[in-house]
Amino acid sequence: MSTHPSLVRSLALACCLLPSAVVAQSPQVEEIIVTGRAQDFYLDEETTLGSKLDLDVLELPQSVQVLTQQLILDQAARDITDLYRSMPGVSEYSYSGVTIRGFRDSNNVFYDGVRGDPYSGFSVPQLFNVERVEVLRGPSSAVYGSGEPGGLINYVSKKPDFDDNIELAATTGNYGLYGGWVDARGGLTESVAYRLAGFYEEQNSFRNNVDEKNTEIAGGLLFQLSDETSLTTTFDYVDQKLSGHRLRGVLVEDNGDFIVDTEYNSNEVFDFQDLEAWVVQGILKHEFSENLNLSTTLRYLDNDRDQGYHEPQGWVDVNGDGEANSDDQFIRRQYRDQERSNKEYSLTVDLVQKFSLWGTDNQLLFGGDYHDIELDALSQFASFEASGVANLNVFDPNYGETNPDDYVFFTLPFDEVQSTRYGLYLHDFIQFNEHWSMLAGFRYDNYDDKEETTGFSFSDDNISPRVGLTYYPVPEGAVYLNYSESFVPAPLDDQQAVNEEDTLDPETGVQYELGWKQNWLEGALLSTVAIYQITKKDLVLANPNDTGPGDGNPQFVNLGKVESEGIELTLVGDITANWAVTANYAYNDVKVVEGSSVADTFEDGSRFVNAPEHQVGLWSRYEIGVLNSSVAGGLSYVSEQFSSAGQRVKPYTVFDASWVTLWKDFTFQVNISNLFDKTYAVSGFQERTGHFPGARREF
């Protein structure tokens, strides 16, 4: 879904009932926070991501980034794709999948520091219920378990609090956009606070047959049980209805030029992708003493996804000359009818002890988590004209000439998987003196997967260490060196495919990272420079020696090695009292150093799929105090990429702009994305599905 236009970036009218609302900063509030604006706008140096300890960004020996609520509001961001410009080394792959430091990852998504993504599958995380977005770069298995070595994204959800506040907003724009939201919170009693919020939005698209409707209801209660104990409960209900989906790309030539206009879509108007999800969460925090703290998170997720869509399957040889290509104009399609659901239960317990030992100050983390997942999938498909699925003219689409009620379906076996994960971890942050500190630890993981329909199961375990050393030459700066590891278990289907002949080891990664973090202008600005090398090996790939079942050679094997080397630079905060900025540059060179001849895009020396070598992101805001207004603008540059079919994805630069003004308790905001209406592709996929086009100009 990440390939369709970003949802809003729009003309936004925000109407606040109370002047304390985030979106309604009165002139008086603006005057109060001028000297400390870095903490209220784009710069936030407090996060537990990557350590689960009481550390600031300078003390964490790893690259980490916080995208604040103010940045989300200023950019009128409604889903995560709107924020990629502000994340160096992060770029779109497909739908909710991204590449981080060159490695594709669609599963390493966390909420409030734990697993359980309500948008899992093919939907893009929306931002209405998100307070801020955190990005940890590099392997994180030592803290969070299995995941790609590029990094992870954590969404911090909005929660109840005791500050009475009500916000109302209305939004409209082109492509038939309209919607709005209400968010209310405050104290019910001296010890109980609440939050209740609702969001609705719908919009058409520049792509044929596409529209979407998003509904979300969220809230919760905060119980201050005592001075030492609090319980925060939250719920989140998501209903998303997408027409003309699952949305594939637009066909291109090998040099990256679109064959047809980017409004092209292989789906019919009645194709759909519907998502309904419930999340219920409780966070219990208790202070046994000033130096001993407990945090426990219990999370339940129920996610249902239904899809019915036409999948492009390549050209039809209409001319009968023995070659199927664009000269034939028609593509054949397969209709897929799928129902998927997952229920997830997780429990995370973290205990932090602060103490002094032999002249050092320590923060010791001992924790564990348990995650249980029930996955069900039922699908059927009808292929090509033989099953009643009409071919589609790419250049002059003949929509409406086909009907799933008339298709002849082939039903796949019911898929039912039970996955159980648990992990134990121990980490210690040691402050030796004012100039040196170290963060070191490890995690033990055990995982057990079972296919209920066949009875096949597989179990394994893994130990992931990490260590980071930090030197503080001055109080405002830190230089660090980090070693960390990652692992990703082989998919259960692949394990089952090789069961009679072999087993598959996890894919593993190792990173070395050298970085420098520096505060400038008395803490108003933060710069980060990170240089890294990541090596990933034992990838699960097709066995080049396999000739069929029973030949003694498994269908899949662990082979290959990929190396990712790069540098990232970020600058965020206030240059002056009126001028805020977030800017970044990323260089990433990720190549296959040990490849396989059976995969055209995994040969020695080939670049990884959808891994741009250069990225630049910029967003800058300037306040005009006499007008109670601000103007902002930004750009996103992504260099050349290559699809999984080896087709070129052209480099692109896109510009955005914003204007905001305050009047009494009202904020009026106008955002324009893709200011010059550039036609471009954000990423590529297979040749038969084409490249994913970027959003056209939106108001």
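This is a short tour of a predicted model, with a selection to make at each stop.

**Stop 1: a hidden space**

Begin with the empty spaces inside the protein. Rolling a probe the size of a water molecule over the atoms shows where empty space is left. The structure holds eleven cavities of 30 Å³ or more, and our stop is the second largest cavity, with about 240 Å³ of space. To find this cavity, select Val64, Gln65, Val66, Thr570 and Val572, the residues nearest its centre among the 24 that line it.

Now colour the strands around the second largest cavity. Strands E2 (64-67), E26 (525-542), E27 (556-574) and E28 (579-594) each supply at least two residues of its lining. Which strand gives the most to this lining? The answer is E27, with five residues. If you colour the lining by residue type, you will find 14 nonpolar, seven polar and three charged residues.

**Stop 2: a residue of strand E27**

Stay on E27 and select phenylalanine 556, which lies in this strand. Is phenylalanine 556 buried or exposed? Its relative accessible area is 17%, and under 20% counts as buried, so phenylalanine 556 is buried. Setting aside neighbours within four places in sequence, show its contacts: Asp494, Ala497, Val498, Leu504, Val540, Leu541, Ala542 and Asn543. For a contrast, select alanine 478, which is 78 residues away from phenylalanine 556 along the chain, and draw a line between the two C-alpha atoms: they are separated by 45 Å.

**Stop 3: helix H4**

Next, select glutamine 495 in helix H4, which covers residues 492-497. Glutamine 495 has 2% relative accessibility and therefore counts as buried. Beyond neighbours within four places in sequence, glutamine 495 touches Phe456, Phe458, Ala490, Thr503 and Leu504. You have met Leu504 already, as one of the contacts of phenylalanine 556.

**Stop 4: pairs of rings**

Time to look at aromatic side chains. The structure holds 22 aromatic pairs. Select phenylalanine 235 and tryptophan 278: their ring centres are 6.4 Å apart and their planes meet at 40 degrees, so this pair is tilted. The two rings bring together distant parts of the chain, with phenylalanine 235 in strand E14 (residues 229-243) and tryptophan 278 in strand E15 (residues 272-289), 43 residues apart. Turn on the surface here: phenylalanine 235 is partly exposed at 27% relative accessibility, and tryptophan 278 is partly exposed at 41%.

Then move to tyrosine 652 and tyrosine 680, another tilted pair, at 4.4 Å centre to centre with 35 degrees between the planes. Tyrosine 652 belongs to strand E33 (residues 652-663), while tyrosine 680 is in the loop between strand E34 (666-672) and strand E35 (681-684), so the pair ties together parts that are 28 residues apart in sequence. Both tyrosines are below the 20% limit for buried: tyrosine 652 has 10% relative accessibility, and tyrosine 680 has 12%.

For a group of rings, select Phe128, Trp181 and Phe199, which ring pairs link into a cluster.

**Stop 5: charges over rings**

Finish with two arginines. Select arginine 246 and phenylalanine 122: the charged end of the arginine sits over the ring, 3.7 Å from its centre. Then select arginine 332, which lies over the face of phenylalanine 384 at 4.2 Å from the ring centre.

Note on methods. Residues numbered from 1 in each chain as written. Predicted model: local features only at pLDDT ≥ 70, side-chain atom pairs only at ≥ 80, totals over all residues. Heavy atoms only, no water. 1 Å grid on protein atoms, 1.4 Å probe; cavity = no way out; pocket = protein on both sides within 12 Å on 5 of 7 lines; lining within 4 Å. Points joined across faces, edges and corners; volume = space filled by probe spheres on them. Helix = DSSP H or I, 4+ residues; strand = E, 2+ residues; numbered from the N terminus. Nonpolar A, V, L, I, M, F, W, Y, C, P; charged D, E, K, R; others polar. Phe/Tyr/Trp six-rings, centres within 6.5 Å; stacked < 30°, edge-to-face > 60°. Buried < 20%, exposed > 50% of the residue type's maximum accessible area, 1.4 Å probe, protein only. Lys NZ or Arg CZ within 6 Å of the ring centre and 35° of its normal. Contact = heavy atoms within 4.5 Å.
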